[in-house]
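This report goes through the sheets, the nonpolar cores and some backbone features of one protein chain. Please keep the sequence and the structure in view while reading.

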Amino acid sequence: FETYAPGDDLHARGGWEIWCDGGADAMIVPAPALSPPNALAIFGSPINSDIVKPFGMDGGRWTLTMQKFVPGGAGGAGYVILLNQYCDPHNWSMQLAFDEPAGVVRSDGDDSTLPLALDRWVELIVEIDLARDRFSIFYDGQVLAEELVWTENVSGRLGDPGITSIGALDLYAEDISEMYFDDISLMR
């Protein structure tokens with residue numbers, strides 16, 4: 001996010017877009033950046049940021065890493081979502097809720113939780129093995145969930161199995177006032 005100016009909207013930059021069924025943009029902000037000078041901010045109600053980075057990655061092993069910052073008193077929940085199919089149809093593989101009032105980060109597919117770290121940068125790592133149809137989630141140096149089924153974890157539990165592909169990363173602010181991201185990467 002260092003190549004953009006503070007106050008810039010993210011959509012239409014670097015392949016990011018607003019959720020295809022509607023939503024609001026995210027914004028480049030100067031603070032609290034982990035890697036100065038900028039970070040990405042998403043905002044909840046009434047704005048409801050819903051910003052997506054489509055991928056379309058197939059096969060092999062992948063690691064998503066990012067730094068997250070949730071301010072104390074932000075209220076509500078914000079989400080980090082990985083989809084195996086994005087936009088006609090949608091199919092969710094991972095949905096993490098960062099629920100500030102409850103004080104937890106929750107994996108919505110299997111309901112595992114860890115305490116939510118507030119007012120500091122925290123690393124989130126998702127290790128995805130598409131060949132094995134499995135993934136694991138690590139938050140703040142701890143295991144949140146291991147060996148979940150990529151094609152069946154969220155949408156698949158509702159009777160809609162997905163595919164072994166990484167379709168998109170979605171950052172969604174449902175009703176959290178603000179949440180910040182920095183140093184996002186998806187590497188093979």
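## Strands and loops

Strands here are DSSP runs of E with at least two residues, numbered from the N terminus. The model is a predicted one.

## First sheet

Strands pair through backbone hydrogen bonds, in either the parallel or the antiparallel sense. One open sheet has seven strands in the order β1-β4-β13-β6-β7-β8-β9, and the pairing is antiparallel. β1 (17-18) and β9 (112-115) are the edge strands; each has a single partner, so one side of each has no neighbour in the sheet.

At the β1 edge, two bridges connect β1 to β4 (residues 50-58) in the antiparallel sense. Isoleucine 18 has isoleucine 51 of β4 as its bridge partner.

## Second sheet

Another open sheet of seven strands runs β2-β3-β14-β5-β10-β11-β12, again with antiparallel pairing. Its edges are β2 (27-29) and β12 (142-149), each with a single partner strand, so one side of each is left without a neighbour in the sheet. On average, neighbouring strands of this sheet are turned by 25 degrees against each other, direction ignored.

At the β12 edge, β11 (residues 134-139) and β12 run antiparallel and are joined by five bridges. Phenylalanine 135 is opposite leucine 148 of β12.

## Nonpolar cores

In soluble globular proteins, nonpolar side chains tend to be buried together. The largest nonpolar core in this model contains 43 residues, and Phe98 and Leu171 have the most contacts inside it. A second, separate core has nine residues, among them Trp19, Tyr79, Ala97 and Ala168.

## Cis peptide bonds and positive phi

Most peptide bonds are trans, and most residues other than glycine have a negative phi. The following sites depart from these rules.

The bond from proline 36 to proline 37 is cis, with omega near 15 degrees. Proline 37 is located in the loop between β2 and β3 (39-42). Aspartate 88 and proline 89 are also joined by a cis peptide bond, where omega is about 5 degrees. Proline 89 belongs to the loop between β6 (77-85) and β7 (91-99).

Cysteine 87 lies in the loop between β6 and β7 as well. This cysteine is not a glycine, yet its phi is positive, at about 70 degrees. Is cysteine 87 buried, partly exposed or exposed? Its relative accessible area is 32%, so it counts as partly exposed, the range between under 20% for buried and over 50% for exposed. Aspartate 119, in the loop between β9 and β10 (121-129), also has a positive phi, of about 60 degrees.

Definitions and conventions: Residues numbered from 1 in each chain as written. Predicted model: local features only at pLDDT ≥ 70, side-chain atom pairs only at ≥ 80, totals over all residues. Heavy atoms only, no water. Pairing = 2+ DSSP bridges. Helix = DSSP H or I, 4+ residues; strand = E, 2+ residues; numbered from the N terminus. Core = buried A, V, L, I, M, F, W, Y, C linked by side-chain atoms within 4.5 Å. Buried < 20%, exposed > 50% of the residue type's maximum accessible area, 1.4 Å probe, protein only. Axes fitted to C-alpha atoms, helices over the stretch in contact; angles between N-to-C directions.
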